[in-house]
Amino acid sequence: MLPYWIFFLVPAVAACVSSPHMHFHADGTRPLHINETWILIILVLTIMIGFRYEVGGDWENYFRFLFDANNLSFADLATKSDPGYWALNVISVRLDLGITGVNTLGALIFSIGLVLFCKNLPRPWLALACAMPYLVTVVAMGYTRQAIALGLVMVGFVMLSQSRFGAFVVWVLLGALFHKTAVVMIPLAALTISKNRFLNVALVSVASYLGYNVLLADSASGLVQSYNDENMQSSGALIRLAMNALPAVLFLFYHRKFITTPSEKKLWTIISLISVSIFFAFFPTNLTTALDRMALYFIPIQLIVFAYLPDVIGRPGELNQNIVAGILLYYAAVMFVWLNFATHSHAWVPYQLGIG
């Protein structure tokens, strides 16, 4: 378990001693600069996630993609579901890199998305620390395809925060090449539009239609059927949904104090409402796995809220170390409980590096 704690404690310590970034452009957006430190973080995350060996609940299942990729050409990818992930497998087979090659390429995409997202926040170190216990440890090391998709969606969120709606759609569609469920994020763009409304709504509508028909239509019924299977219950789903619902409620309560662009505030208000709705939908339905998997795309609400919270309820621009420490203790408790008591944590413990 020690490696997981090290990966959490390093950004946690940095979060405690780092002042918030309070610089803004004239349009209210935050300057996005990736320096050498954060490039190093991308590389460390990529190695940590990509070079893991026999770590993750679906470790064995992903080998079927690798084996089948031996008989595929790049032209064959057009006939495959999630062609982006198949492409990583074909590349890895051609270069004789094995499953480690697939995981490392995927980890690089995810890590770039996570770092760009964190750096777009006032307290990037705090956001990164909050991401480690679940988003990085469980999702990135367990749900490889959806983690890659989420990494690309997070880049889309950064674009959307800058009112670049077309870029958001493009990044989400790229994410859908790795896990088709990402297309459900596209309609969010239409709800955040404040300028050129009709043109942007038309763009998002066309992109949603094409994304559904190209990536999702053929397998939608099967996807719904498998997620609706009453025997397919997602262990711990209620806790994970609550982890999104808590910051969502905080955002809705304090939304006036969050210093964001209008489009960004609309986006996170919508995601907060959806996160709370998904939490309450858990109780009257048997769609635990469907709700759990779809809620993965809303995990960034945790990073957004807790990266802003010290300045929202504390003194803006100050260290507010007591509030930062409280947030970090919460996520330390999350990591401790998950590593020691989660049903499937044995698939993550011990953490191992290796070549496969």
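Biologist: In this predicted model, which residue forms a salt bridge with Asp82?

Modeller: Side chains of opposite charge can pair when their charged atoms come close. Here the closest N and O atoms of the pair are 2.6 Å apart, and a salt bridge needs a side-chain nitrogen of Lys or Arg within 4 Å of a carboxyl oxygen of Asp or Glu. The pair links distant parts of the chain, with Asp82 in the loop between α3 and α4 and its partner in helix α7 (residues 144-161). The residue that forms the salt bridge with Asp82 is Arg145.

Biologist: Is Arg145 buried or exposed?

Modeller: A residue counts as buried when its relative accessible area is under 20%. Arg145 has a relative accessible area of 19%, and therefore Arg145 is buried.

Biologist: Which residues are joined into one network by salt bridges that share partners?

Modeller: The search of the whole structure finds four salt bridges, and one of them is the bridge between Arg145 and Asp82. Through shared partners, salt bridges make one network of Asp82, Arg145 and Lys180.

Biologist: Where is Arg123, which forms a salt bridge with Asp311?

Modeller: The closest N and O atoms of Asp311 and Arg123 are 3.0 Å apart. Asp311 belongs to helix α14 (residues 300-313), and its partner is 188 residues apart from it along the chain. With a relative accessibility of 4%, Arg123 counts as buried. Arg123 is in the loop between α5 and α6.

Biologist: How far apart are the end C-alpha atoms of helix α2 (residues 36-50)?

Modeller: Helix α2 has 15 residues, and at 1.5 Å a residue, counting one less than the number of residues, the helix should span 21 Å. The model agrees with this expectation, because the end C-alpha atoms are apart by 21 Å.

Biologist: Which helices do the buried residues of α2 pack against?

Modeller: The buried residues of α2 include Trp38, Ile41, Ile42 and Leu45. One of these, Leu45, is in contact with Leu114, leaving aside neighbours within four places in sequence. The helices that the buried residues of α2 pack against are α1, α5 and α6.

Biologist: Which helix gives the most to the largest nonpolar core?

Modeller: The largest nonpolar core has 96 residues, and those with the most contacts inside it are Leu114 and Leu303. The helix that gives the most to this core contributes 14 residues, and it is helix α6 (residues 124-142).

Conventions. Residues are numbered from 1 along each chain as its sequence is written. This is a predicted model: local features need pLDDT of at least 70, side-chain atom pairs count only at pLDDT 80 or more; totals for chains, interfaces and linings use all residues. Side-chain values use heavy atoms; hydrogens and water are left out. A nonpolar core is a set of buried Ala, Val, Leu, Ile, Met, Phe, Trp, Tyr and Cys residues joined through side-chain atoms within 4.5 Å. Buried means under 20% relative accessible area, exposed over 50%, partly exposed in between (1.4 Å probe, protein chains only). Helices (H or I, at least four residues) and strands (E, at least two) are DSSP runs, numbered from the N terminus. Contact means heavy atoms within 4.5 Å.
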